[in-house]
Amino acid sequence: MTKTYQFPKNFWWGSAASATQTEGGENGVKGKNIWDQWYEEEPNRFFDGVGPEETSDFYHRFKEDIANMKKIHHNSFRMSISWARLIPGGKGEVNQDAVTFYSQVIDELISQGIEPFVNLYHFDMPLEMQEIGGWENREVIDAYTIYAAKAFELFGDRVKTWFTFNEPIVPVEGGYLYDFHYPNIVDAKKAVQVGYHTMIAHAKAVEIYHKNYDGKIGIVLNLTPSYPRSQNPADLKASHICDLFFNRSFLDPAVKGEYPQDLIDLLAEYDHLPETNSADKELLKNNLVDLLGVNYYQPRRVKARDSQPNPDSPFMPDWFFDAYEMPGRKMNVYRGWEIYEKGIYDIMINLRDNYGNIESFISENGMGVQNEERFLVDGRIEDDYRIEFISEHLKWLHQSIQEGCNVKGYHLWTFMDNWSWMNAYKNRYGFYSVNLETQERTAKKSAEWFSQVSKDNGFD
Ligand code: BG6
């Protein structure tokens, strides 16, 4: 029977996760990454002082986890490879233990009928690469390119869907503007350089992949619509600049092969353009993505600033807009993020109309909730709020498909509760809960609901 919200044939139903958040930093042989290091230096900055050492122990329990994915009818799953695990130190010898581990995970997924989508970088710079400047340094681009080529060579026979980066704007914001990622620098000039070099690294990986392999390669971006408070030109300008900084800084070069002229002009006006090489422009032009992953959690609402920025203060994107708290907005209070389901539709319409209707999918969407044990009934978490969250977003996604958007799937963040960076295990996102004492996994009510939706390829 056709469902009210019936999705196209072969729609990707699944979830996403990342290496540092699930594997356990002290499991197996592995080099250190910036999260291991930051936790060692400042454990107080992580919720309840919980670090990345063990996380959800995917390293040892991946077979059980993949069996659970199959149980709820996943047909695809996005994981990431830890660069510091595959090549400890970021360059040099490949770690054979890591090759075995990732091979086993990939093989297990395939044997259970779940297509592996593999991402190469999810916020996790190898420590030694950070010590030479991270993305500020072009040597790190070269090392990343070698790492990417190695990963394609090792797993490209089985993995046909690759991503170069997950949310590359986030390490720029966290590490170089707003102090929520290591190396906790606040310097917009460096932030621009880091963002630019990340994009060059991305294009180089795409180039290698397209030359040698026949699958698809894309990038995962957190596209956050910047809604203006009003149609007043000052508010519109604020939202336009915000969009340039936080969405189009990666979306345009990835999909169109060039930066928006308005962004270049703005950075030039304030003497914040990055250093570039003469070959970069061509590289970006010639290496467009095949596929776009869209992570959507919250919109951004902005207004014109109430006051002029202090001209003696260092340049920041926030010189051009203020955050706007829309009265009556719906909030996920645990994460402090607004819930606005229609945002998912607006993003897709924008991709349809302004980005050639590139093939895309929702690569993350989800709801982190604190103290979920409150909702335990007979041993199961009755997360009706998550079912509502997912279904309301899916309705808008469905609408966008009805209107011709090229959307191929929906992945929840995340499969099982995992370690959320500075928030550690504060907010839980999974279809499966994880008992941190015993590592026992238990399906939540949303897992059962999603299983049926995936099986029916739709819902009423
Ligand atoms: C995305 C990231 O930004 O959001 C994930 O790709 C992250 O790594 C997820 O865990 C949820 O955000 P947070 O900060 O609550 O973990």
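1. Asp-179 lies in the loop between H8 and H9 of this predicted model. Its phi is near 60 degrees, a positive value in a residue other than glycine. Most residues other than glycine have a negative phi. Because its relative accessibility is 28%, between the limits of 20% and 50%, Asp-179 counts as partly exposed.

2. The loop that follows helix H8 (169-176) and precedes helix H9 (188-212) also holds Pro-183. The peptide bond joining Tyr-182 and Pro-183 is cis, with omega at about 10 degrees. Most peptide bonds are trans, so this link deserves a look in the model.

3. Asp-187 is likewise placed in the loop between H8 and H9. With a relative accessibility of 27%, Asp-187 counts as partly exposed. Its side chain reaches the backbone nitrogen of Lys-189 at 3.0 Å. As for longer separations, Asp-187 and Ile-87 are 100 residues apart in sequence, and their C-alpha atoms are 29 Å apart in space.

4. Glu-173 belongs to helix H8. Its relative accessibility is 11%, and because the limit for a buried residue is under 20%, Glu-173 counts as buried. Between the C-alpha atoms of Glu-173 and Val-192 the separation is 9.9 Å, and the two residues are 19 residues apart along the chain.

5. A second cis peptide bond joins Trp-413 and Thr-414, with omega at about 15 degrees. Thr-414 is located in the loop between strand E17 (407-413) and strand E18 (427-428). Trp-413 also bears on the ligand: one of its polar side-chain atoms lies 3.3 Å from an oxygen atom of the ligand.

6. Which residues are closest to the ligand? Of the 14 residues that surround the ligand, the closest are His-122, Glu-167, Arg-335, Ser-420 and Tyr-429. By class, this shell comprises six nonpolar, five polar and three charged residues.

7. Two further side chains place polar atoms by the ligand. For His-122, a polar side-chain atom lies 2.8 Å from a ligand oxygen atom. For Asn-166, an N or O atom of the side chain is 2.9 Å from an oxygen atom of the ligand. Taken alone, the ligand exposes 380 Å², and the protein buries 93% of that area. The space that the ligand takes is the largest pocket.

8. Asn-457 has a positive phi, about 55 degrees, although it is not a glycine. Its place is in the loop between helix H15 (445-456) and strand E21 (458-459). Is Asn-457 buried or exposed? The relative accessible area of Asn-457 is 15%, and because buried means under 20%, Asn-457 is buried.

9. Glu-341 is found in the loop between strand E12 (337-338) and helix H13 (342-354). At 12% relative accessibility, Glu-341 counts as buried. The C-alpha atoms of Glu-341 and Gly-134 are separated by 36 Å, and these residues are 207 residues apart along the chain.

10. Asp-235 is situated in helix H10, which spans residues 233-256. What is the relative accessible area of Asp-235? The value is 2%, and Asp-235 is therefore buried under the limit of 20%. The side chain of Asp-235 is joined to that of Arg-229 by a polar contact of 2.9 Å.

11. Thr-100 has its place in helix H5, residues 96-111. Its relative accessible area is 41%, and because this falls between 20% and 50%, Thr-100 is partly exposed. Thr-100 and Leu-86 are 14 residues apart along the chain, with their C-alpha atoms separated by 10.0 Å.

12. Points for inspection follow. For the backbone, the places to view are the cis bond at Tyr-182 and Pro-183, the cis bond at Trp-413 and Thr-414, and the positive phi values of Asp-179 and Asn-457. For the ligand site, the polar side-chain atoms to view include those of His-122, Asn-166 and Trp-413.

Methods:
Residues numbered from 1 in each chain as written. Predicted model: local features only at pLDDT ≥ 70, side-chain atom pairs only at ≥ 80, totals over all residues. Heavy atoms only, no water. Near = heavy atom within 4 Å. Polar contact = N/O pair within 3.5 Å; in protein donor to acceptor, adjacent residues only side chain to side chain. Areas by Shrake-Rupley, 256 points an atom, 1.4 Å probe, with all protein chains shown as cover. 1 Å grid on protein atoms, 1.4 Å probe; cavity = no way out; pocket = protein on both sides within 12 Å on 5 of 7 lines; lining within 4 Å. Sits in = over half its atoms within 2 Å of the grid points. Nonpolar A, V, L, I, M, F, W, Y, C, P; charged D, E, K, R; others polar. Helix = DSSP H or I, 4+ residues; strand = E, 2+ residues; numbered from the N terminus. Buried < 20%, exposed > 50% of the residue type's maximum accessible area, 1.4 Å probe, protein only.
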